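Let's take a friendly walk through this protein, one helix and one strand at a time. Have the structure open as you read.

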Amino acid sequence: MAARLCGTMIGSIRRECLVHVIVFDEGSLRRILAAYFDYYHRSRTHLSLKKDSPEPPAVQARDIGPVVSMRQVGGLHHRYERRAA
């Protein structure tokens, strides 16, 4: 089970991140992976969690303000939140 889960995570990293960026050195790989892991745990939906993220976001009231796009992983992915006007 753990080997399958690890293979799934590695596949996600490769498909959703590494095939879309150019890695220059170890430092750039570490920065890219750190940004991806933050996205993976805070924003990315997971089927095993009923399309929720491991750290679910707080529910935001409609009257807070408009919905804005927040870039993640250098713009490869986006998260949407309400921001005060």
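What follows looks at a helix, then at two residues of a strand, in a predicted model.

**Helix α2**

Helix α2 covers residues 26-42, 17 residues in total. From its first C-alpha to its last, α2 reaches 24 Å, close to the 24 Å expected at 1.5 Å a residue. Its buried residues are S28, I32, L33, Y36, Y39 and Y40. Seen down the axis of α2, these buried residues fall within an arc of 125°, so they line one face of the helix. On the other side of α2 you will find E26, R30 and R31, which are exposed. At the start of the helix, a side-chain oxygen of D25 comes to within 3.3 Å of the backbone nitrogen of G27.

**Two residues of strand β2**

Strand β2 spans residues 77-82 and includes Y80; H77 is found in β2 too. Is each of them buried or exposed? The table gives the answer.

| Residue | State | Relative accessible area |
|---|---|---|
| H77 | buried | 15% |
| Y80 | exposed | 55% |

H77 brings us back to the helix: its side chain makes a polar contact of 3.4 Å with the side chain of Y39, and Y39 is one of the buried residues of α2. Not counting residues up to four places away in sequence, H77 touches E16, Y36, Y39, M70, R71 and Q72.

For Y80, leaving aside neighbours within four places in sequence, the contacts are V67, V68 and S69. Y80 and V68 are 12 residues apart in sequence, and their C-alpha atoms are 5.6 Å apart in space.

Key. Residues numbered from 1 in each chain as written. Predicted model: local features only at pLDDT ≥ 70, side-chain atom pairs only at ≥ 80, totals over all residues. Heavy atoms only, no water. Helix = DSSP H or I, 4+ residues; strand = E, 2+ residues; numbered from the N terminus. Buried < 20%, exposed > 50% of the residue type's maximum accessible area, 1.4 Å probe, protein only. Contact = heavy atoms within 4.5 Å. Expected span 1.5 Å × (residues − 1). Arc of directions from axis to C-beta. Polar contact = N/O pair within 3.5 Å; in protein donor to acceptor, adjacent residues only side chain to side chain.
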